[in-house]
Amino acid sequence: MMCFISGSVTAQVQLHSSSVGDYQLYLPKTAATNILVVAHGMLGKNQQAAQQAKTYAERWIPYAERYGLIIIAPVFDDERFGNLSQGYGGYRNLFGKYIGADEFVNRLVAQYSRQTSSGSNQFYLYGHSAGGQFVARYSVTHPERIIQAVVSAAGRYSYPDTSAAWPYGAGRLNKTISWDNGAVVRQERVSPQLINYAKAADKVQIVIGALDTKAQDKRPAHIGRNRIELANSWAASMNNLAHSYNMAGNIRVHQVAGVGHDSARLTTHAAYLLFN
C-alpha cells in the first residue's frame, strides 16, 4: 500500500548561505531522529537553483513531520555546481567549483546530525533526474553513509565497469577541471572501488514513470535507449556484482503507471520506498 500523506505546507524552509555552497533547511516540529537529503533536478530556463531546492524540500515536509526528519536540500547552482563541457564538472558527477558535491553534503549532514536523536552521520537520500544521478553516484562512493536511497528517473549512472572511466563507469579518472575560464582550477582524482558498488546494491531503489521513454544519448558502459532501459540494466549489473561478493543485491526498478518525467508525481512513491 502506498504511503500517501497530505497537508498544506505551513512550516518554513529556510535558505542558508556559505562561500562554498547554499542549502535549504527544514527542521521538523517534533524531535528529529534522522536526516533526509534531497537533491533537485537540472535547472530549466529561468529557474533559480535556490527556488528549485526549496520546491523539492517542501514536497517532503509531511514526511519530515511523520518520521522526524531534518530536510537538507543543497542548492546546486550553475555557478558552483553546474555541469561543464564534455560531461565533466557538476553535482551530478559529485564535482564542484570550491568543494565536491559529495563532500558538501557530508559536511552539512555532520553539522545537523548533532540535532538528531540518533546523532548519526547516516542519512536518507533522494534525488530526481540530475539529482538522481547525484544519488546513484554518491551511493556507490559512500555506501556506508546511506540508510536508504532512492534514485528518481536518472538518465545516467556509474556502471560497475572498470573499462569505462568515472562518471559513467568504475574506472579511474584524473582530470583537470577549469571553472570561470581558469579562475578556479581543480584536479579531480576519482578511484572507484567495486566493493562500494556491491555494498550500495542493498541500499538503493529506483522509481521512474512508465511514460518516461524519451531517448537518451549514448554514454560509455550504458546499456539502454531510454531512462527505463538504463535503470533496468544498471540495477541488473549492480545486483550481479553484489552477488559475486556474496552480498545482497536488492535494487529494483519501480515503474509508476501514467507518469512521465515528473518529480512531483513520483515523490509519494519515492517516500514509500525510503521509509517502508
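In the predicted model examined here, a polar contact of 3.4 Å joins the side chains of Lys97 and Tyr98. Lys97 is placed in the loop between helix 3 (78–81) and helix 4 (101–112), and although this residue belongs to a loop, Lys97 counts as buried, because its relative accessibility is 2% and the limit for burial is under 20%. When neighbours within four places in sequence are left aside, the residues in contact with Lys97 are Glu79, Arg80, Trp179, Asp180, Val184 and Arg186.

Beyond this loop comes helix 4, which has twelve residues and reaches 17 Å from its first C-alpha to its last, a span close to the 16 Å expected at 1.5 Å a residue. The buried residues of helix 4 are Ala101, Asp102, Phe104, Val105, Asn106, Leu108, Val109 and Tyr112. Helix 5, formed by residues 130–141, likewise has twelve residues and a reach of 17 Å between its first and last C-alpha atoms, close to the expected 16 Å. Helix 5 is mostly covered, with eleven of its twelve residues buried; these buried residues are Ala130, Gly131, Gly132, Gln133, Phe134, Val135, Ala136, Arg137, Tyr138, Ser139 and Val140.

Two of the residues just listed for helix 5, Gly132 and Gln133, are also in contact with Ala154, as are Ser129 and Arg227, once the neighbours of Ala154 within four places in sequence are set aside. Ala154 is found in the loop between strand 6 (146–152) and strand 7 (173–179), and this alanine is buried, because its relative accessible area of 1% falls under 20%. Between the C-alpha atoms of Ala154 and Arg265, which are 111 residues apart along the chain, the separation is 15 Å.

Several of these contacts of Ala154 recur in the description of the largest pocket, whose volume is about 460 Å³. Of the 23 residues that line this pocket, Met42, Arg92, Ser129, Gln133 and Arg227 are the closest to its centre. Ser129, Gln133 and Arg227 thus appear both among these central lining residues and among the contacts of Ala154. By residue class, the lining of the largest pocket divides into five nonpolar, eleven polar and seven charged residues.

Arg227 also marks the start of helix 7, which covers residues 227–244 and includes Ala236. Ala236 counts as partly exposed, because its relative accessibility of 36% lies between the limits of 20% and 50%. Ala236 and Asn250 are 14 residues apart in sequence, and their C-alpha atoms are 9.4 Å apart in space. Another pair brings together Tyr126 and Ala149, which are 23 residues apart in sequence and 5.7 Å apart in space, C-alpha to C-alpha. Tyr126 lies in strand 5, residues 123–128, and is buried, with a relative accessible area of 1%.

The backbone of the model also contains some less usual features. Most residues other than glycine have a negative phi, and most peptide bonds are trans. The peptide bond from Trp166 to Pro167, however, is cis, with omega near 15°; Pro167 has its place in the loop between strand 6 and strand 7, the loop in which Ala154 is also found. Asn46, although it is not a glycine, has a positive phi of about 65°. This asparagine is found in the loop between strand 3 (34–39) and helix 1 (49–59), where Asn46 is exposed, because its relative accessible area of 71% is over 50%. A positive phi, near 55°, is present in Asn181 too, a residue placed in the loop between strand 7 and strand 8 (184–190). At 85% relative accessibility, Asn181 counts as exposed, whereas Asp180, the residue before Asn181 in the numbering, is one of the contacts of the buried Lys97.

A further exposed loop position is Ser17, which is found between strand 1 (14–16) and strand 2 (22–26) and has a relative accessible area of 57%. The C-alpha atoms of Ser17 and Val75, 58 residues apart along the chain, are separated by 9.3 Å.

How values were computed. Residues are numbered from 1 along each chain as its sequence is written. This is a predicted model: local features need pLDDT of at least 70, side-chain atom pairs count only at pLDDT 80 or more; totals for chains, interfaces and linings use all residues. Side-chain values use heavy atoms; hydrogens and water are left out. Helices (H or I, at least four residues) and strands (E, at least two) are DSSP runs, numbered from the N terminus. Buried means under 20% relative accessible area, exposed over 50%, partly exposed in between (1.4 Å probe, protein chains only). Contact means heavy atoms within 4.5 Å. A polar contact is a pair of N or O atoms within 3.5 Å; within protein, one must be able to donate a hydrogen and the other to accept it, and residues adjacent in sequence count only if both atoms are side-chain atoms. The expected span of a helix is 1.5 Å times one less than its number of residues. On a 1 Å grid over the protein atoms alone, a cavity is a set of points where a 1.4 Å probe fits but cannot get out, and a pocket is an open set with protein on both sides within 12 Å along at least five of seven lines; lining residues have an atom within 4 Å of a point. Grid points are joined across faces, edges and corners, and a volume is the space filled by probe spheres set on the points. Ala, Val, Leu, Ile, Met, Phe, Trp, Tyr, Cys and Pro count as nonpolar, Asp, Glu, Lys and Arg as charged, and the others, Gly among them, as polar.
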